[in-house]
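Me: I've got a structure open and I'd like to learn how to read it. Could you walk me through a few features?

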Amino acid sequence: MDALEYLKKKTPELLNIPSPSGFTAMAAEFVVNELRGMGYEAGLTGKGCVLSCLGGEGEPLVLAAHIDTLGAMVAEVKSNGRLRLVPVGGLRAENTETENFTVFTRFGGKKYTGCFQLCDPSIHVNGNYADDKRNFDGMELVLDELTSSKEETEALGISVGDYACADPRTVMTESGFIKSRFLDDKLSVVILLALAKKIREEGLRLKRKVYVYITVYEEVGHGCSAGLPEDAEEIISVDMGCVGSSVSCLETQVSICAKDSHGPSDYGVTSALIGTAKEYGIDYAVDVYPHYGSDADAAIRAGYDIRHCIVGSGVYASHGYERTHMKGVEATLELLRRYVCR
């Protein structure tokens with residue numbers, strides 16, 4: 001199986017492992033097992049990030065991506081037996097209306113499905129349906145269980161603090177599109193796994209020492225704030241590229257971020273990435289992201305003396321039901337390969 005076929009196979013597998021920030025152990029185990037299966041050493045940091053060295057010598061580079069996603073947590077078991085949720089990360093209530101969720105109980109290993117709805121969701125009953133606010137106070141998770149009271153729901157083992165995970169609804173079309181929740185940033189994690197596979201199986205020579213670092217708290221701001229290798233000199237956050245009205249990147253391209261909401265990327269690293277894309281005819285865009293932060297920013301804020309930039313396949317409808325194209329995925333994989341391999 002070549003790297004692209006591997007990527008197509010593993011992307012839906014990883015997307016279907018629930019992993020909102022703080023609930024990432026299952027997904028991290030998946031990544032560790034994949035890397036070890038390729039012959040790399042891989043382990044977990046103190047807070048559960050995955051770290052592996054792909055080899056090489058000199059000028060150590062970290063390729064970082066994050067496995068944590070947006071999600072929700074039970075904030076209240078209501079008197080009617082339904083659940084009030086609060087977001088984990090930047091999950092938006094208005095674009096998860098009618099989404100199916102799974103609740104994982106903290107103890108007992110049970111899980112229950114439900115649908116996230118307005119508190120009065122029937123158009124034939126609620127005359128204010130169109131005007132009702134889609135927010136976490138005006139919506140509730142309706143469990144697929146015969147429960148109509150707080151006591152009945154709690155008897156199932158559900159309690160405050162349990163995670164509620166939205167179904168990703170992953171679809172890969174014959175035309176090359178990938179549609180799913182949580183492409184940000186599980187797609188990039190699989191891109192890095194595909195790169196690792198390509199390096200090992202094709203015997204590619206690295207220009208420098210390269211680490212893969214998969215973080216588990218990016219969506220809440222502190223993914224790369226600790227645990228980076230002490231010798232790291234540069235970090236590339238492999239995340240999503242923004243697609244929208246104020247940026248030029250397309251779903252078929254790899255995006256190179258010159259500046260995000262926290263400030264400019266390192267000039268030298270950004271220039272080197274652009275130069276690599278030009279040299280090898282890789283379809284790319286350079287953009288400024290107006291509302292965006294990454295693991296690279298977390299590393300800089302934490303005080304790491306490290307050069308940084310952000311790249312990623314162009315993703316449409318970010319933090320919603322996202323979409324990209326295999327051409328953008330291939331461009332991202334090729335840019336990283338050319339940047340790190342001889």
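Reply: Sure, we'll go through a helix, some strands, a small sheet, two single residues and the aromatic rings. Keep in mind that this is a predicted model.

Me: Let's start with the helix H4. How many residues does H4 have, and what span does H4 reach?

Reply: The general idea is that an α-helix has 3.6 residues a turn, so residues three or four places apart point the same way. Here, H4 covers residues 183-202, which is 20 residues. From first C-alpha to last, H4 reaches 27 Å, close to the 28 Å expected at 1.5 Å a residue.

Me: How many of the residues of H4 are buried? And what follows H4?

Reply: H4 is mostly covered, with 17 of its 20 residues buried. Right after H4 comes Gly203, and its phi is positive, near 65 degrees.

Me: On to strands. Which strands are joined to E18 in parallel, and by how many bridges?

Reply: Strands of a sheet pair through backbone hydrogen bonds, either parallel or antiparallel. E18 (residues 307-315) lets you see both. Strand E13 (residues 234-238) runs parallel to E18, and 5 bridges join them. If you want a spot to click on, Ile236 has Cys309 in E18 as its bridge partner. Strand E14 (residues 241-242) also runs parallel to E18, joined by 2 bridges. There, Cys242 has Val315 in E18 as its bridge partner.

Me: Which strand pairs with E18 in the antiparallel sense?

Reply: That's strand E15 (residues 254-260), which pairs with E18 over 4 bridges. Look for Val254, which stands opposite Ser313 in E18. E18 is mostly covered too: 8 of its 9 residues are buried.

Me: Now the small sheet. In what order do the strands of the open sheet with E10 come?

Reply: The order is E10-E11-E19, three strands in an open sheet with antiparallel pairing. The edge strands are E10 (171-172) and E19 (322-325), each pairing on one side only. E10 pairs with E11 (residues 177-180) over 2 bridges, in the antiparallel sense. Within that pairing, Val171 stands opposite Lys179 in E11.

Me: Which helices pack on that sheet?

Reply: Our friend H4 is one of them, touching E11 and E19, and its direction makes about 30 degrees with that of E19. Helix H7 (residues 326-340) packs on the sheet as well, again touching E11 and E19, but its direction makes about 65 degrees with that of E19.

Me: Let's try single residues. Is Thr96 buried or exposed?

Reply: Thr96 counts as buried because its relative accessibility is 0%, and the cut-off for buried is under 20%. Thr96 lies in the loop between strand E5 (83-88) and strand E6 (100-104). Leaving aside neighbours within four places in sequence, Thr96 is in contact with Leu91, Phe101, Phe116 and Arg181.

Me: And where is Asp2 found?

Reply: Asp2 sits in the segment before helix H1 (3-15). At 46% relative accessibility, Asp2 counts as partly exposed. Its side chain reaches the backbone nitrogen of Leu4 at 3.2 Å. Asp2 also shows how sequence and space can part ways: Asp2 and Ala194 are 192 residues apart in sequence, yet 8.6 Å apart in space, C-alpha to C-alpha.

Me: Last one, the rings. How many aromatic pairs are there?

Reply: The count comes to 5 aromatic pairs. One of them is Phe23 with Phe104, a tilted pair at 5.2 Å centre to centre with 50 degrees between the planes. This pair links distant parts of the chain: Phe23 is in the loop between H1 and helix H2 (25-37), while Phe104 is in strand E6, 81 residues apart. Phe23 is partly exposed at 23% relative accessible area, whereas Phe104 is buried at 16%.

Me: Which parts does the pair of Phe116 and Phe136 tie together?

Reply: That pair is tilted, at 5.7 Å centre to centre and 35 degrees between the planes. Phe116 lies in strand E7 (residues 111-118) and Phe136 in the loop between E7 and strand E8 (139-143), so the pair ties together parts that are 20 residues apart in sequence. Phe116 counts as buried at 0% relative accessibility, and Phe136 is buried at 13%.

Me: Which residues form one aromatic cluster with Phe23?

Reply: Phe104 and Tyr163 join Phe23 in that cluster.

Technical notes. Residues are numbered from 1 along each chain as its sequence is written. This is a predicted model: local features need pLDDT of at least 70, side-chain atom pairs count only at pLDDT 80 or more; totals for chains, interfaces and linings use all residues. Side-chain values use heavy atoms; hydrogens and water are left out. The expected span of a helix is 1.5 Å times one less than its number of residues. Buried means under 20% relative accessible area, exposed over 50%, partly exposed in between (1.4 Å probe, protein chains only). Two strands pair if DSSP finds at least two bridges between them. Contact means heavy atoms within 4.5 Å. Axes are lines fitted to C-alpha atoms, for helices over the stretch in contact, and angles run from 0 to 180 degrees between N-to-C directions. A polar contact is a pair of N or O atoms within 3.5 Å; within protein, one must be able to donate a hydrogen and the other to accept it, and residues adjacent in sequence count only if both atoms are side-chain atoms. Rings of Phe, Tyr and Trp (its six-membered ring) pair if their centres lie within 6.5 Å; planes under 30 degrees apart count as stacked, over 60 as edge-to-face and the rest as tilted.
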